Amino acid sequence: MLRFSENKRKIHCYGQWIFLCVKPHEIRIQPFIFKDYWVVEKDGISVKKYSNGSVRKTIELVTKNQRVNKIYYKDIFSAEIIYQHIQKMSPYDFSPDAVYLKVTMHNGVEMELNLNNTSMTFLPQFIAFLQRQHIQVTDNHAIVQELIAKNYLVG
């Protein structure tokens with residue numbers, strides 16, 4: 001039994017060294033993984049943005065201190081769903097086409113909100129919610145109807 005605990009201690013000690021060796025590498029990669037995001041709230045949309053520099057982005061990730069812009073529904077004049085087909089360079093290129101929501105405020109300021117796979121799932125409900133808030137929504141490519149019909153968006 002004594003021999004087992006010594007081996008366990010050695011494994012634990014090696015694990016700490018591996019953790020210390022890998023951790024600086026993870027910090028260098030992490031900023032590329034995190035992207036700006038937005039959250040639907042009761043009174044508006046919170047847009048959370050990170051800096052472009054990797055060092056500053058790492059500090060923002062550790063301190064949880066990113067820039068937050070709040071868009072209140074009462075300030076939104078219109079919203080438009082934009083679909084941009086991305087030219088595929090090879091038959092193995094499975095990158096998605098760009099889909100985003102362009103929000104125009106009453107003062108003329110425009111903001112683009114990226115629609116990734118997660119937000120595309122809830123897009124029909126969100127568009128219906130915006131219309132209930134008396135916000136004009138434009139969908140020239142019928143993206144919402146395609147999502148409701150469970151069709152894939154392939155350009």
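**Exercise 1. Contacts of Leu101**

Task: In this predicted model, list which residues Leu101 is in contact with, leaving aside its neighbours within four places in sequence.

Solution.
Step 1. Take contact as heavy atoms within 4.5 Å.
Step 2. With that cut-off, Leu101 is in contact with Ala79, Glu80 and Ile81. Strand β4 covers residues 76–84.
Step 3. Leu101 also contacts Met111, Glu112, Leu113 and Leu115. Strand β6 runs over 110–114.
Step 4. The list ends with Phe126, Ile127 and Leu130. Helix α4 spans 123–132.

**Exercise 2. The bridge partner in β5**

Task: Find the bridge partner of Ile81 in β5, and state in which sense β4 and β5 pair.

Solution.
Step 1. β4 (residues 76–84) and β5 (residues 98–105) are joined by eight bridges, and the pairing is antiparallel.
Step 2. Within this pair, Ile81 is bridged to Leu101.

**Exercise 3. Strand order and edges**

Task: Give the order of the four strands in the open sheet and identify which strands stand at its edges.

Solution.
Step 1. The order is β6-β5-β4-β7, with mixed pairing.
Step 2. β6 (110–114) and β7 (136–138) each have a single partner strand, so one side of each lacks a neighbour in the sheet; these are the edges.
Step 3. On average, neighbouring strands of this sheet are turned by 20° against each other, direction ignored.

**Exercise 4. The largest nonpolar core**

Task: Name the residues that touch the most other members of the largest nonpolar core, and the elements that give two or more residues to this core.

Solution.
Step 1. The core has 25 residues. For membership a residue must be buried, that is, under 20% relative accessible area.
Step 2. Ile45, Ile76, Ile81, Leu101, Leu113, Ile127 and Leu130 touch the most other members.
Step 3. Two or more residues come from each of β2 (44–49), β4, β5, β6, α4 (123–132) and α5 (143–148).
Step 4. This fits a general tendency: in soluble globular proteins, nonpolar side chains tend to be buried together.

**Exercise 5. The surroundings of β2**

Task: Determine which strands are joined to β2 by bridges, and how many of the residues of β2 are buried.

Solution.
Step 1. β1 (residues 37–40) runs antiparallel to β2, with four bridges. The two form a hairpin with three residues between them, and Trp38 stands opposite Val47.
Step 2. β3 (residues 67–72) is also antiparallel to β2, with six bridges; here Ser46 is partnered with Lys70.
Step 3. Five of the six residues of β2 are buried. In the protein of 155 residues, the buried share is 28%.

Terms used: Residues are numbered from 1 along each chain as its sequence is written. This is a predicted model: local features need pLDDT of at least 70, side-chain atom pairs count only at pLDDT 80 or more; totals for chains, interfaces and linings use all residues. Side-chain values use heavy atoms; hydrogens and water are left out. Two strands pair if DSSP finds at least two bridges between them. Axes are lines fitted to C-alpha atoms, for helices over the stretch in contact, and angles run from 0 to 180 degrees between N-to-C directions. A nonpolar core is a set of buried Ala, Val, Leu, Ile, Met, Phe, Trp, Tyr and Cys residues joined through side-chain atoms within 4.5 Å. Buried means under 20% relative accessible area, exposed over 50%, partly exposed in between (1.4 Å probe, protein chains only).
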